[in-house]
Amino acid sequence: MASTLAFHHRSLFTLILIIMMIMISSLDFVSSHDHLIIFAANSAQTDHDHDDHKPSTSSSSSSSSLPFGFLKHLEGSKKGDKVQGIDDLKKYLQHFGYLNSNPTQTQQVTHSPTDDDNKNNFDDPLETAIKTYQANYNLEPTGTLNSQTLSKMMMPRCAVADIINNETRMRSGKKTSTATASPKHHGHRKLLGREFNHVSHYSFFSGEPRWPSSKYSLTYSFAAGTPSEAMDAVARAFQTWASNTQFRFSRAQGNTKADIRVSFERRDHGDGDPFDGAGGVLAHAFSPTDGRLHLDADESWAIGEVTDAFDVETVALHEIGHLLGLLHSSVEGAIMYPSIGAGLTKGLNGDDIQGIRDLYNVAV
Ligand SMILES: [Zn+2]
Ligand SMILES: [Zn+2]
């Protein structure tokens with residue numbers, strides 16, 4: 001009897017051991033596959049657009065169904081052409097600040113029936129806008145929609161404009177001291193008494209808004225329901241900026257309103273700059289001292305380099321740059337470069353750190 005019991009105990013013990021081993025190995029499985037955070041369509045906490053039920057997982061079918069996919073068939077377009085879809089390109093360039101959304105029509109006081117015809121015309125303002133875009137993205141400013149230009153334009157990117165109020169200090173803006181638009185001309189920034197020998201391409205928001213020195217310690221908070229992996233990733237991004245600047249960040253305690261509020265949002269979420277579903281724009285953040293940082297909940301988000309997904313920490317690092325006052329940079333290695341490919345991670349670059357030092361005139 002005793003030996004039977006002992007046997008039972010032993011087999012029970014073995015059974016428990018086996019179950020524990022299975023649990024441990026499945027935990028292991030979860031932790032190694034759990035970098036991929038996929039948001040279900042109804043997971044956004046402040047979803048104002050209930051008409052959109054498209055799940056984020058079924059999105060990456062063909063490039064033409066993605067937000068910037070309309071650009072593809074415009075390849076080779078140039079001034080004088082009239083192509084269906086040019087009006088969408090104009091809207092794209094308006095959104096990112098390259099083209100005025102309300103072109104001054106001094107000669108046209110009344111609405112002309114030809115307006116609708118003209119919208120697909122590849123006209124002079126469009127050519128100029130494309131040249132500026134090309135200069136900012138280190139491309140030859142041909143003014144034509146060549147494949148290099150299109151592939152840059154179709155990259156997933158930040159929703160914040162490259163140019164605000166027609167002012168840019170990205171690459172195309174460095175031409176101000178010469179009459180020509182030569183992209184080879186760059187001004188060296190004089191910074192804290194030192195002349196940097198390499199070319200910097202960071203830029204600031206119009207009017208150079210910044211946090212007052214009394215606000216170098218900032219608090220942040222997350223919207224309710226934000227996945228903990230995403231919160232950890234954003235916290236690491238804050239830490240990276242803190243290590244390289246005079247700023248310090250801490251998670252807001254209790255119900256106090258944090259200086260910076262991070263949330264996942266989708267489509268129209270009430271701030272005048274709607275997200276666009278999977279692909280296209282990934283996130284945006286506001287200039288100092290607004291503090292809002294929004295990530296597009298319709299993207300596939302990941303922790304680290306995961307195929308076809310965007311790294312939360314990398315995108316947060318970029319958006320925190322906006323919160324601190326940086327606009328976009330033409331330096332491809334800079335975190336403030338406007339676009340990022342899926343499956344990639346990126347850190348801070350000298351250009352980003354110089355940008356903050358220049359804006360705040362603070363040595364760190
Ligand atoms: Zn941006
Ligand atoms: Zn927003």
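The exercises below, each with a worked solution, explore a predicted model of a protein chain.

**Exercise 1. Describe the chain as a whole: how many helices and strands are there in the protein chain, and what percentage of its residues count as buried?**

Solution. Begin with the secondary structure, where the protein chain shows 8 helices and 12 strands. Next, turn to burial, for which the count is that 37% of the 364 residues are buried. Finally, consider the contacts in the protein chain with a separation of 6 or more, of which 72% join residues 24 or more positions apart.

**Exercise 2. Locate the residue that UniProt gives as "active site", and decide whether Glu319 is buried or exposed.**

Solution. The first step is to consult the record, an unreviewed UniProt entry, which places the feature "active site" at Glu319. The second step is to find this residue in the fold, and Glu319 turns out to belong to helix H7, which covers residues 312-324. For the third step, recall that a residue is buried if 20 or more other C-beta atoms lie within 10 Å of its own; because Glu319 has 27 C-beta neighbours inside 10 Å, it counts as buried. The last step is to list its partners: when neighbours within four places in sequence are left aside, Glu319 is in contact with Ala283, Ala285 and Leu293.

**Exercise 3. Carry out the same kind of analysis for the residue covered by the UniProt annotation "binding site".**

Solution. The annotation, again taken from an unreviewed entry, covers Glu299. Glu299 is placed in the loop between S9 and strand S10, the latter being residues 300-302. Since 27 other C-beta atoms lie within 10 Å of Glu299, this residue is buried.

**Exercise 4. Describe how helices H6 and H7 pack: at roughly what angle do their axes cross, and which residues make the contact?**

Solution. Two packed helices are described by the angle between their axes and the distance between the axes. Helix H6 spans residues 228-244, and its axis comes within 8 Å of that of H7, with a crossing angle of roughly 50 degrees. H6 and H7 are therefore oblique to each other, and the crossing in which H6 passes H7 is right-handed. On the H6 side, the contact is made by Ala230, Ala233, Val234, Arg236, Ala237, Phe238, Thr240 and Trp241, while H7 contributes Val312, Glu313, Ala316, Leu317, Ile320 and Leu324. Sorted by class, this contact of H6 with H7 has 11 nonpolar, 1 polar and 2 charged residues.

**Exercise 5. Examine some backbone details: where is Asn138 found, where does Arg267 lie, and which peptide bond is cis?**

Solution. Asn138 is not a glycine, yet it has a positive phi of about 60 degrees; its place is the loop between helix H4 (124-136) and helix H5 (147-153). Because Asn138 has 16 C-beta neighbours inside 10 Å, it counts as partly exposed. Arg267, likewise a residue other than glycine, has a positive phi near 50 degrees, and it lies in the loop between strand S7 (260-265) and S8. With 19 C-beta neighbours inside 10 Å, Arg267 counts as partly exposed. A further positive phi, near 50 degrees, belongs to Asn361, which follows H8. As for the cis peptide bond, it runs from Pro288 to Thr289, with omega near 0 degrees, and Thr289 is found in the loop between strand S8 (283-285) and strand S9 (292-296).

Note on methods. Residues are numbered from 1 along each chain as its sequence is written. Chains are lettered from A and ligands numbered from 1 in the order in which they are written. This is a predicted model: local features need pLDDT of at least 70, side-chain atom pairs count only at pLDDT 80 or more; totals for chains, interfaces and linings use all residues. UniProt positions are given in the numbering used here, feature names are shortened, and annotations may be inferred rather than shown by experiment. Helices (H or I, at least four residues) and strands (E, at least two) are DSSP runs, numbered from the N terminus. A residue is buried if 20 or more other C-beta atoms lie within 10 Å of its own, exposed if 12 or fewer, and partly exposed in between; C-beta atoms are placed from the backbone. Two residues are in contact if their C-beta atoms, placed from the backbone, lie within 7 Å. Axes are lines fitted to C-alpha atoms, for helices over the stretch in contact, and angles run from 0 to 180 degrees between N-to-C directions. Angles under 35 degrees count as roughly parallel, over 145 as roughly antiparallel, 65 to 115 as roughly perpendicular and the rest as oblique. A crossing is left-handed if the near helix is turned anticlockwise from the far one by less than a right angle, and right-handed if clockwise. Ala, Val, Leu, Ile, Met, Phe, Trp, Tyr, Cys and Pro count as nonpolar, Asp, Glu, Lys and Arg as charged, and the others, Gly among them, as polar.
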